[in-house]
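Please work through the exercises below with the sequence and the structure at hand. Attempt each task before reading its solution.

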Amino acid sequence: MTSTLVLGLVLGAGFTLLFFVAAQRGRRVAAVAAPRVPEGVSQVLDAIESAGVVVDPSGNVVKASSAAFTLGLVRDGHVTHEELDALANVVRDTGLPTTREFALRPDQFGELDRQVLARGARLGTRYVLILVEDQTERLRLDEVRRDFIANISHELKTPIGAISLLADALDPAADDPERVRSFATRLEVEAERLTKITADIINLSRLQSAEAIGKPALVDMADVVKAAVEQNKVIAESHGVEVISRTVSDAVVIGDKALLVVAVHNLVNNAIAYSPDATRVGVGLAVRDGIVEVSVTDQGPGIAEEERERVFERFFRVDQARSRTTGGSGLGLSIVKHTAQNHGGEARVWSRVGQGSTFTIRLPEASADARAQIETTSLEEK
Ligand code: ADP
């Protein structure tokens with residue numbers, strides 16, 4: 001009995017010892033596989049949105065945030081870019097937080113260089129923490145904004161300069177009614193151009209804001225086409241251009257009618273402006289496979305292939321001189337493109353030099369469900 005008890009105690013103690021040794025060894029293995037990064041760093045890296053890596057003195061990555069993997073900063077336990085290694089070395093040598101900006105080469109991430117800002121700082125005595133921010137999109141937007149402002153200033157300068165010159169010329173010409181009349185007409189043209197540019201800039205800024213389409217409503221595109229054609233009646237007559245429109249019923253989309261009228265107006269207006277006198281412009285409306293299409297066709301000069309996509313850019317003009325005489329702001333097609341995109345659609349152009357062009361706005365047709373939903377909501381609001 002006693003011997004059984006002793007045996008039990010010995011065995012029990014033996015197993016406890018074995019268990020303890022195994023646990024100790026296991027802990028050592030875990031420590032090698034995942035070296036101890038100062039407390040809290042893992043949680044911080046898990047929480048931050050920017051890409052972060054922690055490297056040890058041999059350049060091994062001991063911890064990385066998921067954004068660091070998304071950005072392709074870590075491969076096989078090391079950072080993928082020499083610049084990051086170099087940054088870690090500087091931090092290690094100087095002990096000071098350091099910032100570097102550089103481009104991540106495209107071979108690592110698809111097509112584009114990514115402009116990044118990397119900050120390095122010591123983490124405890126052994127490690128260096130590197131945070132990497134992808135600045136590509138912000139820099140691109142800054143550039144677009146700068147270009148836009150430079151272009152606006154340039155576009156406004158011309159009519160404003162002309163108006164002030166004409167105003168100066170009026171006074172000395174006061175006794176010559178003929179000249180006064182001529183200056184007055186030119187003043188009117190320049191003032192109109194100024195009004196158009198300002199309206200286009202406001203429209204475009206509105207389209208680029210997040211809530212461009214205020215309260216979505218059901219819009220019958222036949223009404224939109226009719227309004228846009230009507231607005232261009234006088235200018236068409238003055239050019240001797242005949243505008244022929246064909247609409248269908250029940251071409252309904254969800255969106256903002258005023259914006260859609262401006263977009264179709266711009267297409268019809270361009271078609272007339274870039275057409276030789278006494279030609280025809282066709283405006284069509286069709287619904288095909290759930291897509292509502294408005295197309296505007298002219299018999300104008302057409303647009304060369306290399307310029308076809310660029311015409312939708314802000315302030316792009318194929319022929320600066322000719323566009324100025326048409327009184328355009330260079331923003332018309334950009335407004336068309338943004339309006340189509342804000343309505344979940346697209347703007348396209350087909351063109352052949354010497355034959356003419358067809359611009360098309362394609363929008364998703366309002367589904368039966370959406371129609372019922374919007375109708376019910378607007379009835380409830382009444
Ligand atoms: P603009 O105010 O100069 O007309 P848009 O953005 O409306 O600006 O058009 C950009 C450019 O595209 C125009 O300057 C013109 O060169 C070209 N373009 C637009 N519509 C037509 C068309 N129907 N036929 C030929 N060229 C066109």
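The exercises that follow treat sheets, cores, a helix, a single residue and aromatic rings.

The model is predicted, so local features need pLDDT of at least 70 and side-chain atom pairs count only at pLDDT 80 or more, whereas totals for chains, interfaces and linings use all residues. Residues are numbered from 1 along each chain as its sequence is written, and side-chain values use heavy atoms, with hydrogens and water left out.

**Exercise 1. The antiparallel sheet**

Task: Determine the order of the strands in the open sheet with antiparallel pairing, and state which strands stand at the edges.

Solution.
Step 1. Strands and helices are DSSP runs numbered from the N terminus (strands: E, at least two residues; helices: H or I, at least four residues). Two strands pair if DSSP finds at least two bridges between them.
Step 2. Five strands are found in the order β2-β1-β7-β6-β5, and their pairing is antiparallel.
Step 3. The edges are held by β2 (61-64) and β5 (98-104); each has a single partner strand, so one side of each lacks a neighbour in the sheet.
Step 4. On average, neighbouring strands are turned by 25° against each other, direction ignored. Axes here are lines fitted to C-alpha atoms, for helices over the stretch in contact, and angles run from 0 to 180 degrees between N-to-C directions.
Step 5. Three bridges join β1 (residues 51-55) to β2 in the antiparallel sense; in β2, A64 is the bridge partner of V53.
Step 6. Helix α4 (residues 82-94) packs on this sheet and touches β1, β5, β6 (114-123) and β7 (127-134). The direction of α4 makes about 170° with that of β5.

**Exercise 2. The mixed sheet**

Task: Describe the open sheet with mixed pairing and the helix α7 that packs on it.

Solution.
Step 1. This sheet has five strands in the order β9-β11-β12-β14-β13.
Step 2. β9 (242-246) and β13 stand at its edges; because each has a single partner strand, one side of each is left without a neighbour in the sheet.
Step 3. The average turn between neighbouring strands is 15°, direction ignored.
Step 4. β12 and β14 run antiparallel and are joined by seven bridges; R362 in β14 is the bridge partner of E293.
Step 5. α7 touches β9, β11, β12 and β14, and its direction makes about 170° with that of β11.

**Exercise 3. The nonpolar cores**

Task: Which residues have the most contacts inside the largest nonpolar core, and which element gives the most to this core?

Solution.
Step 1. A nonpolar core is a set of buried Ala, Val, Leu, Ile, Met, Phe, Trp, Tyr and Cys residues joined through side-chain atoms within 4.5 Å. Buried means under 20% relative accessible area, exposed over 50%, and partly exposed in between (1.4 Å probe, protein chains only).
Step 2. The largest core has 37 residues, and those with the most contacts inside it are M221, V283, F359 and I361.
Step 3. Elements giving two or more residues include α7 (221-231), β11 (280-288), β12 (291-297) and β14 (356-364). α9 gives the most, with eight residues.
Step 4. A second, separate core of 21 residues includes A51, L73, V91 and V132.
Step 5. In soluble globular proteins, nonpolar side chains tend to be buried together.

**Exercise 4. Helix α12**

Task: Is α12 largely enclosed or exposed?

Solution.
Step 1. Eight of the 11 residues of α12 are buried, so the helix is largely enclosed by the rest of the structure.
Step 2. Among the buried residues of α12 are G332, L333, H338 and A340.
Step 3. Their cover includes α6 (177-208), α9, β13 and β14.
Step 4. Just after α12, G344 takes a positive phi of about 75°.

**Exercise 5. Residue T136**

Task: Describe the surroundings of T136 in helix α5.

Solution.
Step 1. T136 is buried, with a relative accessible area of 16%.
Step 2. The side chains of T136 and D134 are joined by a polar contact of 2.5 Å. A polar contact is a pair of N or O atoms within 3.5 Å; within protein, one must be able to donate a hydrogen and the other to accept it, and residues adjacent in sequence count only if both atoms are side-chain atoms.
Step 3. Apart from its neighbours within four places in sequence, T136 is in contact (heavy atoms within 4.5 Å) with D113, R114 and Q115.

**Exercise 6. Aromatic pairs**

Task: How many aromatic pairs does a search of the whole structure find?

Solution.
Step 1. Rings of Phe, Tyr and Trp (its six-membered ring) pair if their centres lie within 6.5 Å; planes under 30 degrees apart count as stacked, over 60 as edge-to-face and the rest as tilted.
Step 2. The search finds two pairs.
Step 3. The ring centres of F148 and F315 are 5.9 Å apart and the planes stand at 40°, so this pair is tilted.
Step 4. The ring centres of F312 and F359 are 6.1 Å apart and the planes stand at 75°, so this pair is edge-to-face.
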